[in-house]
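Grab your viewer and work through these exercises at your own pace. Each one comes with a solution you can check against the coordinates.

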Amino acid sequence: MTERIIPIADTRYSAPLPFVPASLPAPTGRLTDVRGRQLHDLRISVTDRCNFRCTYCMPKQVFDKGYQFLPHASLLSFEEITRLTRLFVAHGVEKIRLTGGEPLLRKDLEKLVAQLAALRTRIGSPLDLTLTTNGSILARKARALREAGLRRVTVSLDALDDPVFRAMNDVDFPVSDVLNGIEAADREGLAPLKINMVVKRGVNDHEIVEMARRFRGTGHIVRFIEFMDVGASNGWRMDDVVPSAEVVRRISERFALEPIDPNYEGEVAERWRYADGSGEIGVISSVTQPFCGSCTRARLSTEGKLYTCLFATGGHDLRSLLRGGYADEQISAAIGHLWSGRGDRYSEIRSSDTAALRKIEMSYIGG
Ligand code: SAM
């Protein structure tokens with residue numbers, strides 16, 4: 001019997017055409033939402049595909065052979081991404097993060113990096129341009145990315161212990177290749193490197209102190225992330241979350257830590273430094289200490305939908321404006337209108353009921 005595949009790619013994330021105001025106000029560079037949060041960051045997903053099947057993000061049971069990823073024609077082209085980014089920058093965006101899926105799987109990504117690196121903020125500074133990767137092919141790509149103008153990189157690494165790492169990525173990928181990628185990025189000066197570890201109780205929480213120990217004194221910043229109820233496929237349960245307070249306690253039992261001020265208002269990670277001066281760590285506590293009140297991030301999906309929250313159930317179809325012949329002024333006004341009406345605060349209202357909502361998958365919206 002032949003397997004029946006139900007094509008869902010084109011309808012599952014259907015989104016309305018954004019409202020284009022009749023008057024077209026010029027961007028002021030200070031765009032605030034209904035809760036006074038100013039647009040500052042744009043996360044751009046460049047592919048919904050990934051070569052890992054991390055059990056908490058793209059579980060194999062869902063993202064299997066029959067799963068239909070977006071067809072190439074659906075993806076925003078580099079020119080379309082750059083055009084939209086320019087409009088966001090005029091509205092005050094200063095920080096860009098490329099993500100996915102696995103962004104380094106997008107062919108010729110360095111060409112996009114070069115286009116984005118050429119943009120300037122309203123006061124003429126380069127953008128803070130960075131990328132989040134699983135590190136699997138970073139060793140091969142680090143130089144080209146740096147030469148194209150990438151400034152920094154964040155590498156996801158959930159364990160140093162090879163069997164634990166292979167089990168978490170669920171494709172038997174060895175940790176040594178990711179460590180080589182981290183070294184290559186460091187050599188290329190894509191620093192300070194951030195290393196993200198999603199902590200799941202009973203799976204990798206025994207690796208917390210070892211991760212801290214390994215990267216102390218290297219200049220890299222390990223950030224411990226609470227396991228979140230993103231998407232609708234990762235079987236999230238509160239019992240699996242290791243609260244950041246526990247992470248800090250466990251590390252400080254081995255290495256004395258002291259809190260430090262955020263680098264800027266709205267910074268997601270809470271910062272701690274080693275009392276002996278050997279560097280810092282961060283904790284990201286979206287579950288136990290929601291930071292919606294200072295969230296300044298917009299997200300652009302692989303096919304050009306704008307999401308105003310990581311936990312959104314719907315987005316706004318900017319691609320239809322791009323491909324529908326709308327002028328920059330019209331698209332800019334639509335973006336302004338969308339952000340001005342933003343009221344999202346999912347993490348503040350999270351409950352077992354909201355966890356079951358059909359939220360957009362993180363691999364699609366971008367982490
Ligand atoms: N493939 C790239 C990578 O591995 O970094 C970029 C995309 S990935 C979705 C971005 C980040 O989201 C990774 O650090 C990943 O560990 C994190 N992430 C994915 N699912 C998560 C979850 N349920 N809770 C917390 N973090 C999660």
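**Exercise 1: the sheet**

In what order do the strands of the open sheet run, and what kind of pairing does the sheet have? Keep in mind that you're looking at a predicted model.

*Solution.*
- Start with the order. The open sheet has 12 strands, arranged S7-S8-S9-S6-S5-S4-S3-S2-S1-S10-S11-S12, and the pairing is mixed.
- Next, look at the ends. Strand S7 (257-260) and strand S12 (316-317) are the edge strands, each pairing on one side only.
- Now find some parallel pairs. S5 and S6 run parallel, joined by six bridges, and in that pair Ile195 has Val222 of S6 as its bridge partner.
- S2 and S3 also run parallel, with four bridges between them; here Leu98 stands opposite Leu131 in S3.
- Finish with an antiparallel pair. Strand S11 (residues 305-307) pairs with S12 in the antiparallel sense over two bridges, and Lys305 has Asp317 in S12 as its bridge partner.

**Exercise 2: cover on the strands**

Work out how many residues of S6 are buried, then do the count for S3.

*Solution.*
- The cut-off you need is a relative accessible area under 20% for "buried".
- For S6, six of the six residues pass, so this strand is largely enclosed by the rest of the structure.
- Split S6 by side-chain direction. Ile221, Arg223 and Ile225 point one way, Val222, Phe224 and Glu226 point the other way, and all are buried.
- For S3, five of its six residues are buried, so call it mostly covered.

**Exercise 3: the ligand shell**

Describe what surrounds the ligand, and find polar atoms that sit by its nitrogen atoms.

*Solution.*
- Count the shell. It holds 20 residues, and the closest are Tyr56, Gly101, Thr132, Ser156 and Met228.
- Sort them by type: eight are nonpolar, 10 polar and two charged.
- Ask which strands contribute. Strand S3 (128-133), strand S5 (194-199) and strand S6 (221-226) each supply at least two shell residues.
- Look at the polar atoms. Glu102 places a polar side-chain atom 3.1 Å from a ligand nitrogen, and Asn234 has a polar side-chain atom 3.2 Å from a nitrogen of the ligand.
- Met228 takes part through its backbone, with a polar atom 2.9 Å from a ligand nitrogen.
- Then check the cover. On its own the ligand has 540 Å² of accessible area, and the protein covers 94% of that.

**Exercise 4: Arg37**

Is Arg37 buried or exposed, and which polar partners does its side chain have?

*Solution.*
- Place it: Arg37 sits in the segment before strand S1 (41-45).
- Check accessibility. Its relative accessible area is 4%, so Arg37 is buried.
- Find the side-chain partner: Arg37 and Asp33 make a polar contact of 2.7 Å through their side chains.
- Find the backbone partner. A polar atom of the Arg37 side chain lies 2.9 Å from the backbone oxygen of Asp344.
- List the other neighbours. Leaving out residues up to four places away in sequence, Arg37 touches residues including Leu31, Cys292, Cys295, Trp339 and Arg342.

**Exercise 5: backbone oddities**

Which peptide bond is cis, and where do Asp108 and Asp170 lie?

*Solution.*
- Start from the background: most residues other than glycine have a negative phi, and most peptide bonds are trans.
- The bond from Ala191 to Pro192 is cis, with omega near 0 degrees. Pro192 is in the loop between helix H5 (175-187) and S5.
- Asp108 has a positive phi of about 60 degrees, though it's not a glycine. Its place is the loop between strand S2 (95-99) and helix H2 (109-117), and its 27% relative accessibility makes it partly exposed.
- Asp170 also has a positive phi, near 60 degrees. You'll find Asp170 in the loop between helix H4 (162-169) and H5, where it counts as partly exposed at 24% relative accessibility.

**Exercise 6: Glu329**

Locate Glu329 and give the separation of its C-alpha atom from that of Ile281.

*Solution.*
- Glu329 is in helix H9 (residues 328-340).
- With 49% relative accessibility, Glu329 is partly exposed.
- Glu329 and Ile281 are 48 residues apart along the chain, and their C-alpha atoms are separated by 42 Å.

Methods: Residues are numbered from 1 along each chain as its sequence is written. This is a predicted model: local features need pLDDT of at least 70, side-chain atom pairs count only at pLDDT 80 or more; totals for chains, interfaces and linings use all residues. Side-chain values use heavy atoms; hydrogens and water are left out. Buried means under 20% relative accessible area, exposed over 50%, partly exposed in between (1.4 Å probe, protein chains only). A polar contact is a pair of N or O atoms within 3.5 Å; within protein, one must be able to donate a hydrogen and the other to accept it, and residues adjacent in sequence count only if both atoms are side-chain atoms. Contact means heavy atoms within 4.5 Å. A residue is near a molecule or strand if one of its heavy atoms lies within 4 Å of it. Accessible areas come from the Shrake-Rupley method with a 1.4 Å probe; for residues, only the protein chains shown count as cover. Ala, Val, Leu, Ile, Met, Phe, Trp, Tyr, Cys and Pro count as nonpolar, Asp, Glu, Lys and Arg as charged, and the others, Gly among them, as polar. Two strands pair if DSSP finds at least two bridges between them.
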